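Please examine the sequence and the model shown here before reading on. The explanation that follows moves from one part of the structure to the next.

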Amino acid sequence: MGIPAVPIVLSEFYKQETETALLKGMPGLRIQWIRGPVWAKTREQLRRDVINGISPISKKNVMQEIVEHLTNP
């Protein structure tokens, strides 16, 4: 469709999702990992802990990494 997209997945599912992507023929799928849980958090907590937080897998800023996933070739 030509529209870039990045799945946002809890880091607890890292092994499961990377194996699924490999089995489906997409070993290089760009997935954004976030720290959970996200339920029952306030808007401020989500912004601080998830959006402006650090990815538990790559150790990079989550929002910066999402932008990279969407814009880098």
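A suitable place to begin is helix 3, which spans residues 62-71 and whose buried residues are V62, E65, I66 and H69. These residues cover an arc of only 105° around the axis, so they lie on the same side of helix 3. The buried residues of helix 3 pack against three other elements, namely strand 1 (8-10), strand 2 and helix 2 (43-51). It should be kept in mind that the model is a predicted one.

With this helix in view, the whole chain can be described. The chain contains three helices and two strands, and its elements follow the order β-α-β-α-α from the N terminus on. Along the principal axes, the C-alpha trace spans about 35 × 25 × 25 Å. Of the 73 residues in the chain, 23% are buried. Among contacts with a separation of 6 or more, 46% are made by residues 24 or more positions apart.

The surface and the charges may be considered next. The chain exposes about 5600 Å², and carbon and sulfur atoms supply 61% of this area. There are 10 positive and 7 negative side chains in the chain, and the centres of these two sets lie 1 Å apart.

Attention now turns to W33, a residue in strand 2. Is W33 buried or exposed? Its relative accessible area is 7%, and because the limit for a buried residue is under 20%, W33 counts as buried. Leaving aside residues up to four places away in sequence, W33 touches V9, L10, S11, F13, Y14, E17, T18, S55, P56, I57 and V62. One of these, V62, is also among the buried residues of helix 3. By contrast, A21 is 12 residues away from W33 in sequence, and the C-alpha atoms of the two are 14 Å apart in space.

The contact with Y14 leads to the aromatic rings, for which the count comes to one aromatic pair. The rings of Y14 and W33 have centres 5.1 Å apart and planes at 65°, so the pair is edge-to-face. Y14 belongs to helix 1 (residues 14-23) and W33 to strand 2 (residues 32-34), so the pair ties together parts that are 19 residues apart in sequence. Y14 itself counts as partly exposed, with a relative accessibility of 37%, whereas W33 is buried.

Another residue touched by W33 is S11, which is located in the loop between strand 1 and helix 1. S11 counts as buried at 16% relative accessibility. Beyond residues up to four places away in sequence, S11 touches W33, I34, R35, P56 and I57. Of these, P56 and I57 also appear among the residues that W33 touches.

Finally, several details of the backbone deserve notice. Where does P37 lie? P37 is found in the loop between strand 2 and helix 2, and the peptide bond from G36 to P37 is cis, with omega near -5°. A40 lies in the loop between strand 2 and helix 2 as well. Although A40 is not a glycine, it has a positive phi of about 65°; at 68% relative accessibility, A40 counts as exposed. K59, in the loop between helix 2 and helix 3, likewise has a positive phi of about 65° without being a glycine. K59 is exposed, with a relative accessible area of 60%.

Conventions: Residues are numbered from 1 along each chain as its sequence is written. This is a predicted model: local features need pLDDT of at least 70, side-chain atom pairs count only at pLDDT 80 or more; totals for chains, interfaces and linings use all residues. Side-chain values use heavy atoms; hydrogens and water are left out. Helices (H or I, at least four residues) and strands (E, at least two) are DSSP runs, numbered from the N terminus. Buried means under 20% relative accessible area, exposed over 50%, partly exposed in between (1.4 Å probe, protein chains only). Contact means heavy atoms within 4.5 Å. Accessible areas come from the Shrake-Rupley method with a 1.4 Å probe; for residues, only the protein chains shown count as cover. Lys and Arg count as positive and Asp and Glu as negative; His and the chain ends are not counted. The place of a charge is taken as NZ of Lys, CZ of Arg, CG of Asp or CD of Glu. Rings of Phe, Tyr and Trp (its six-membered ring) pair if their centres lie within 6.5 Å; planes under 30 degrees apart count as stacked, over 60 as edge-to-face and the rest as tilted. The arc is that of the directions from the helix axis to the C-beta atoms.
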